[in-house]
Every structure is written in C-alpha cells, then in structure tokens.
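The following exercises introduce a structure step by step. Each begins with a task and continues with a worked solution.

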Amino acid sequence: MSDRKDVLVLGAGMAGVATAIHLLKRGCAVTLVDRRGPGEETSFGNAGIIQREGIHPYLFPRDLRSVVEVALKLRTDADYQISSLPAVAPFLWRYFLASNRETARRTLAANIPIFAHCLEAHQALMEEAGSSDLVAKRGWIRLFRNGDPIPEAEAEARELRDLGLDAGMVSMEELASLEPDLDTTRLEGALHYRDPWTCRDPGALVKSYAALFEKLGGTFIRAEITGITRRAGKWVVTTNGPELSTELVAVTLGPWSKRLLDEAGLKLPMGVKRGYHQHFAPSGNARLTRPVLDTEYGFVLAPMERGIRLTSGAEFARQDAPKTPNQLRRILPKARELFPLGDSVDEEPWLGARPVFPDMLPVIGEAPGMPGLWLHFGHAHHGFTLGPATGQLTAQLMTGETPYCDPAPYSALRFMRGQGGR
C-alpha cells in the first residue's frame with residue numbers, strides 16, 4: 001500500500017478480529033469496535049471445531065417426512081418458536097427454495113478454496129498469538145444410532161477422500177479405542193473426520209487473536225454500535241460513546257449485521273439459526289478427547305475447558321426472542337445414554353445466533369452502491385472455522401491485493417442478479 005488507510009472493523013468475533021489483524025499486516029491503521037469483549041458472542045458458543053471437512057452446505061430438509069416432523073416439533077435437531085414465525089417465515093421460505101441440488105453444487109464449489117485455507121490461516125495466527133495449546137488435532141466423530149444414514153455418510157467420506165481429505169468409517173472396536181467412555185452398544189456406525197482441529201475454549205482463542213491485534217498496534221474500543229451513515233465522503237459510525245468517522249469500514253457483526261445494514265439502506269436476505277449450549281461435569285473419571293455428533297438427535301458433545309459442552313441443533317426464532325432451551329432438555333437424556341454426564345456446571349444454558357444466508361455462503365466484498373463499506377459475515381455454522389481465512393480474503397480485497405481465490409461467489413451482488421439464495 002502506498003499510503004496508510006484508517007479502517008474501522010465493526011464486530012470482534014472470529015471474523016472481525018481476523019479481518020482486523022490482516023488489515024494491520026497490510027499497513028492499515030485499524031480500530032476494532034464491539035459492545036463486548038472479543039469472542040464473547042457467537043464465536044464463544046460453538047462446538048470448537050475448525051471444520052476443515054465442512055464444505056457441504058447444511059440444507060433445509062425437503063423430503064415430506066422431515067418437513068412434517070419439524071413442523072410438528074417431533075425432531076430435536078431443529079425447532080422453532082411459533083410466536084416468531086411471522087418474522088422468520090420469509091427467510092425460511094428462501095432457505096427452503098435454495099436447498100436444491102444446483103445451489104448446493106455452487107455452494108460446495110465456492111466453499112472448497114476457503115475451507116482449504118482454514119487450517120493454515122488459523123495456524124499462522126495461533127502461532128503468532130501463542131495459543132496453539134488451545135487446539136488439538138484429533139478430528140471429530142459422527143455417530144449413528146441406526147444404519148439408515150450410513151450409506152450416505154460413506155459416500156460423503158469417499159467424496160472427501162477424492163478431494164484429498166481424510167475421512168472414513170470406523171468399527172465399534174476402533175471407536176471404543178478412540179473414546180473408551182462412549183457407550184458403543186447403542187451405535188451401529190461412526191465416521192471419523194481426521195483433518196479438523198478442535199479447540200477447548202473457542203472464546204479464549206478469539207481473545208488470544210485479539211491480544212495479538214493490539215500487540216501489533218491495533219486499537220480496540222468497547223462501545224455499542226447504534227448506526228452508520230454516509231457524510232461528506234466518509235462513513236460515520238455512531239455509538240453509545242464516541243462518534244467514529246473514516247473512509248473504510250468493515251462490517252463483521254455476524255447476526256447483528258443485518259439490523260445495522262437494513263437501517264443504512266442495504267437489505268440482504270439473512271436469517272439466524274439460534275443455538276444453545278450447556279456444560280456438564282463428566283461422571284467419575286470419564287473422558288472425551290474429541291467432539292462427537294449424534295446424527296439422529298442432532299447434538300454435539302465437545303470436551304471444553306469448563307467441562308463437556310452439550311450443544312443443541314438449530315432454533316428458528318427472532319434473534320431477540322426469549323430463551324426457550326427445549327432442545328437441550330430433550331437431548332440431555334439422549335446424551336447421557338452415550339456418555340456419562342454429571343451435573344451442569346452452568347447456572348443456565350447459553351444462547352447464541354448464527355448468521356445464515358439461504359445459500360449457506362457468507363457475504364464478502366464491498367457493499368453494492370456503497371463505496372468504502374465492506375461486508376464480511378454470514379458464515380452460518382462456520383464462522384469459527386473460516387474467520388481467519390475469509391478475514392484474509394476481505395483484507396486483500398479492501399487493500400487492492402490480488403485475492404487468493406475468486407471472491408465473486410461471496411459477493412452480495414448474488415442476491416441482486418437472480419443467482420443462488422434468492
């Protein structure tokens with residue numbers, strides 16, 4: 001860069017912190033703004049998997065049986081609040097329409113280059129931040145209580161291997177060796193994804209990256225962002241503290257991005273998938289060394305610094321709707337069938353929200369018709385995984401550097417040209 005540019009990065013989750021670091025490394029003067037400390041919202045509450053294999057989009061079920069089961073609240077992997085339906089129905093309809101083979105094929109193709117970069121991007125940051133000890137490299141395991149999904153899982157594993165990834169079914173004997181305290185008698189199969197890394201404290205990893213950001217010369221301001229407007233050729237960000245003004249702004253607010261941009265005149269079809277987690281002490285000397293997913297009931301058990309984190313599936317509701325942790329209550333007995341969970345170590349379940357576009361791709365790039373306003377959010381289930389990789393891509397685009405992959409599939413223009421996700 002020929003001159004030093006002032007940049008505001010709004011939102012200090014994984015995506016925002018990584019974007020801020022990569023902008024600093026390209027010579028920018030960067031101020032990072034969030035109402036809370038880094039990594040204390042969506043990036044805090046996930047299952048801690050840096051999901052290298054996660055290239056396949058999570059589609060809305062389209063078979064009649066699954067749709068009826070979700071509608072009747074018979075499933076535990078998806079739930080909804082009836083009072084929120086008028087607000088969330090338009091997004092759900094777009095999500096349903098986009099969950100087709102053609103959109104899934106495009107999303108898969110667009111995911112390949114950014115997921116291919118996710119481990120390398122995290123590795124560089126965690127080595128510089130001194131937080132490699134938070135991460136293990138044992139992969140994670142998908143569990144099957146019945147054999148019906150196994151042929152599809154085997155096909156997925158073959159496709160991943162064709163792409164150079166390491167995934168394969170393991171026998172119950174092998175599973176017992178990997179995780180001796182799982183009750184394998186209730187299972188008919190298991191798929192081990194060996195490439196992903198797992199983190200025992202996702203919030204702490206984000207905070208370590210944020211500490212690196214400040215060490216490199218970045219500025220963090222804790223303030224509630226209340227609006228953004230264009231004034232005299234600059235973007236003016238209002239907060240409950242100082243008013244901030246600059247020519248370049250990156251919006252990395254995850255599920256809070258939509259409200260800010262709606263008010264600024266940019267309306268994008270983003271929804272949220274809410275999710276819950278709760279930590280439990282393992283009973284006795286029981287140990288779990290990597291996350292496991294119960295395919296049938298849609299929950300993850302993940303070993304964390306605080307205990308075993310039980311995460312729920314998706315809840316469709318207004319982002320600000322009251323907590324209704326029904327999924328956690330329903331899956332807890334099922335989780336205890338697989339692993340000896342003791343008492344909860346949390347006073348109440350945690351609730352967060354994942355930002356989701358209908359085609360399950362993030363938005364990355366300059367806001368259409370809004371020069372200097374850059375977008376980096378909407379990673380759905382993969383913000384923790386992809387934040388450093390897509391943060392690098394965002395910084396490359398903002399500074400005029402040649403990007404490491406074609407950014408066109410992630411542009412917000414796709415919602416204005418009749419492309420995927422409409």
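**Exercise 1. Salt bridges**

Task: State how many salt bridges the structure holds, then examine how Glu 41 and Arg 36 meet and whether each is buried or partly exposed.

Solution. The model is predicted, and it holds 29 salt bridges. One of them joins the side chains of Glu 41 and Arg 36, with an N to O distance of 3.7 Å. A residue counts as buried under 20% relative accessible area. Glu 41 has a relative accessible area of 16%, and is therefore buried. Arg 36 has a relative accessibility of 33%, so Arg 36 counts as partly exposed.

**Exercise 2. Pairs that tie parts together**

Task: Determine which parts of the chain are tied together by the salt bridge between Arg 290 and Glu 179, and which by the one between Glu 243 and Arg 231.

Solution. Begin with Arg 290 and Glu 179, whose closest N and O atoms are 2.8 Å apart in their salt bridge. Arg 290 lies in the loop between strand 15 (271-282) and strand 16 (292-294), while Glu 179 lies in the loop between helix 7 (172-178) and strand 8 (189-193); the pair therefore ties together parts that are 111 residues apart in sequence. Both Arg 290 and Glu 179 are buried.

Next, take the salt bridge of Glu 243 with Arg 231, in which the closest N and O atoms are 3.4 Å apart. Glu 243 is placed in the loop between strand 12 (234-239) and strand 13 (244-246), and Arg 231 in strand 11 (residues 225-231), so this pair ties together parts that are 12 residues apart in sequence. Arg 231 counts as partly exposed, at 44% relative accessibility.

Finally, some salt bridges share partners: Arg 145, Asp 183, Arg 186, Asp 294, Lys 334 and Glu 337 are joined in this way into one network.

**Exercise 3. The nonpolar cores**

Task: Identify the residues of the largest nonpolar core that touch the most other members, and the helix that gives the most to this core.

Solution. The largest nonpolar core has 62 residues, and those touching the most other members are Val 9, Val 17, Leu 23, Val 30, Leu 205, Tyr 209 and Tyr 410. Helix 1 (residues 14-24) gives the most to this core, with 7 residues. A second, separate core has 26 residues, including Val 237, Val 249, Leu 373 and Phe 415.

Tyr 410 can then be followed individually. Beyond its neighbours within four places in sequence, Tyr 410 is in contact with Ala 110, Pro 113, Ile 114, Leu 361, Pro 362, Val 363, Ile 364, Leu 393 and Cys 405.

**Exercise 4. Helix 1 and its surroundings**

Task: Explain why helix 1 is described as largely enclosed, and list what Thr 19 touches.

Solution. For helix 1, 11 of the 11 residues are buried, so this helix is largely enclosed by the rest of the structure. Thr 19 has its place in helix 1 and is buried, at a relative accessible area of 0%. Not counting residues up to four places away in sequence, Thr 19 touches Ala 250, Thr 252, His 376, Gly 391, Thr 394 and Ala 395.

The last of these partners belongs to another helix: Ala 395 is found in helix 11 (residues 383-398). Ala 395 is likewise buried, with a relative accessible area of 0%. Apart from neighbours within four places in sequence, Ala 395 is in contact with Thr 19, His 22, Leu 23 and Arg 26.

**Exercise 5. The span of helix 8**

Task: Work out what helix 8 (residues 202-215) should span, and compare this with the distance between its end C-alpha atoms.

Solution. The expected span is 1.5 Å times one less than the number of residues. Helix 8 has 14 residues and so should span 20 Å; its end C-alpha atoms are 20 Å apart, in agreement. Its buried residues include Leu 205, Tyr 209 and Phe 213. After helix 8 comes Gly 217, with a positive phi near 110°.

**Exercise 6. Positive phi outside glycine**

Task: For Ala 232 and Ala 380, give phi and decide whether each is buried or exposed.

Solution. Ala 232 has a positive phi near 55° although it is not glycine. Ala 232 sits in the loop between strand 11 and strand 12 and counts as exposed, at 80% relative accessibility. Ala 380, also a residue other than glycine, has a positive phi near 60°. Ala 380 is found in the loop between strand 23 (373-377) and helix 11, and is buried, with a relative accessible area of 7%.

Note on methods
Residues are numbered from 1 along each chain as its sequence is written. This is a predicted model: local features need pLDDT of at least 70, side-chain atom pairs count only at pLDDT 80 or more; totals for chains, interfaces and linings use all residues. Side-chain values use heavy atoms; hydrogens and water are left out. A nonpolar core is a set of buried Ala, Val, Leu, Ile, Met, Phe, Trp, Tyr and Cys residues joined through side-chain atoms within 4.5 Å. Buried means under 20% relative accessible area, exposed over 50%, partly exposed in between (1.4 Å probe, protein chains only). Helices (H or I, at least four residues) and strands (E, at least two) are DSSP runs, numbered from the N terminus. Contact means heavy atoms within 4.5 Å. A salt bridge is a side-chain nitrogen of Lys or Arg within 4 Å of a carboxyl oxygen of Asp or Glu.
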